[in-house]
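Here are a few exercises to work through with the model open. Try each task before you read its solution.

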Amino acid sequence: MFPPGALLLLPCCFSLCLAEVYILDDSVGLGRTFDGIGGLSGGGATSRLLINYQEPYRSQILDYLFKPNFGASLHILKVEIGGDAQTTDGTESSHMHDEKDENFFRGYEWWLMKEAKKRNPNITLIGLPWAFPGWIGHGTNWPYTFPDVTAKYVVSWVIGAKQHHDLDVDYIGIWNEKQFDAKYIKVLRGMLDRVGLTNVGIIAADGNWDISKALLLDPHLSDAVEVIGVHYPGTTTVKEALLTGKRLWSSEDYSTFNNDIGAGCWARILNQNYVNGMMTSTISWNLIASYYEDLSFGRDGLMTAEEPWSGNYVVEAPIWITAHTTQFAQPGWNYLSTVGHLAQGGSYVALTDGKGNLTVIIETMTHSHSQCIRPPLPPYSVSPQTATFQLKGSFAALTELQQWHSKLDFKTKKDVLFKHTDPIKVQDGYFTLKLGVDEVYTITTASSGQKGHYPDPPISAPFPKKYFDDFDVRNPPFSEAPYFADQTGVFEYFTNLTDPGPHVFTLRQVVSQRPVTWAEDADQTVSVIGDHSWQNLTVTCDIYIETVNGGVFLAARVDQGGESVRKAMGVFYWVFGNGTYKVTNDIGGQKVLAEGLSGTRPYVWHTLTLTVKGDHAFGMLNNYPLWKNVVVHQPKNGWAALGTHSFEVAQFDNFLVNAD
């Protein structure tokens, strides 16, 4: 008698000759409950450009992500709770810039959650802070000094989601990839309960496994936490996590360039996070690469939508790898206890709804074709093999199964992605597959799968060489102006009621206090726009300094953003409220190329013009030359940008860029 799930080598007989046999049996007990596959928008500003797509392309993109039985058909959407700070590819606006401020219509995560819910009413919603507005820290870079203040802030976000958008948030996290605080977690749980949000679970701690030990030692902390969420676990878990009895999630994973190797990474971890680590959910950072590709981790999304000006987007291979699981198993199904590794490399999982339905996902990803960005992948080998599966328990009487197949072909570059092939005939409870390498198979009783398709989007095109925005939008659908990607600070549409003239509608930098940061934000605020390859260009903008000691800048050839924004180089043209100007080669203002008197003052509109051509830069103020022939050797290319000298309010209007 063989134990359940045992690997058998049968005598040579018909199709079973020399095939490894794997038993799929629900009568010997089930494994853990499947919680779903998801994507993460945020951490940060990873969906920034998506909102600027015109229809029908924006809705098509959303369908590929969320529409059931169409594309990725995601079960989970996790979003950043914006904190006004840089969190990888940009800043996301807080719903409370200060403690007396509440606005639940800033940013785009509310919109994205509603669009996801519109397509899949059952989708699970998660919110997680990366950073916090400065008032939370009370002058420190720490959100836990006053845990009740921080908890109230996070709970207000959950309440606002329901009151203003009819969104029920299912889970809340603590502080992304930062140290957790047990007292804060308990305070947060208590506050959620007191306002009637008992169904909102807490995921902790979105970092490593350290929370597991704390849960074992502190029963009150254990009561507060519903799910242990870990990032980039390498498909393995730790014994302390298993001992807690909690659900285990890879609450952020993947983070890999979305070519075929990225698809291989995603296929491998979707299976092996459960096979090796008993993790019942895997969430991709990020959901969609919808940010300038030259920012941090360009194209590390399930699909790519980084050209709203052209309408071009790309349904990358990871979308269809996702579909192999998401279209044929739903949250609430159970893994079978009979899952594992294949004899010649690869893995298989099997899930059931408890009503006789069965889905098996098999992957044979090779080492060199499935390396994720992190952690390092230990050596292993995969070779072609024949695998036979024996159906037992409630599956024993099945006679036919649907089959979906993907092949990442690194030799011919002619991939097969999510192809519905001929049904499999089950004979006497057995079926056999010939498995190559770098393949994914879904074998299922479900007949609902579909490879959704829209006509090809417009062809790719660079950012327009001439671009103008007067910000004259009376009721903007989003708080950000198109294509501007805030890298420190937050730039929002603003109605200037004190100016009845030409500057009623402007763009305003609104963060006046350094946030509780997650990354190394600059000491200046900055928003970039355009094409990173731009070399020779002219940038013009009207500016309005709103503080006596304040200052603003226009910039060209800005070479860095994201987590490297403090190191950004370029040509920065500054003017200050004290009547001076400065030209620097760095955002920090330390590498001074020119300086002098400008006559600029606060509370007056001025027009700045910056021209960079070859190795020289020129500056104008109010259409008159102010400085010229400043030598600039590096960098050779980069974005256009605008910003402020510090965390201060300031306005911008009539932005124009002309690139050669």
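**Exercise 1.** Work out in which order the strands close into a barrel, and how they pair.

*Solution.* Start with the elements: helices (H or I, at least four residues) and strands (E, at least two) are DSSP runs, numbered from the N terminus. Two strands pair if DSSP finds at least two bridges between them. Follow the pairs round and you get 8 strands in the order 4-5-6-7-8-9-10-11, with parallel pairing. Now zoom in on one pair: strand 8 (residues 201–207) and strand 9 (residues 227–231) run parallel, joined by 4 bridges. Across that pair, Ile 203 sits opposite Val 227 of strand 9.

Before going on, remember that this is a predicted model, where local features need pLDDT of at least 70, side-chain atom pairs count only at pLDDT 80 or more, and totals for chains, interfaces and linings use all residues. Residues are numbered from 1 along each chain as its sequence is written, and side-chain values use heavy atoms, leaving out hydrogens and water.

**Exercise 2.** Find the disulfide and say which parts of the chain it links.

*Solution.* Look for cysteine sulfur atoms within 2.5 Å, the cut-off for a disulfide. That gives 1 disulfide: Cys 265 and Cys 372, with sulfur atoms 2.0 Å apart. The pair links distant parts of the chain, 107 residues apart: Cys 265 is in helix 9 (residues 260–275), Cys 372 in the loop between strand 17 (358–363) and strand 18 (385–392). Next, check the twist: 100 degrees about the S-S bond, a right-handed link.

**Exercise 3.** Is Cys 372 buried or exposed?

*Solution.* Buried means under 20% relative accessible area, exposed over 50%, partly exposed in between (1.4 Å probe, protein chains only). Cys 372 has 12%, so it's buried. Cys 265 is at 0%, so it counts as buried too.
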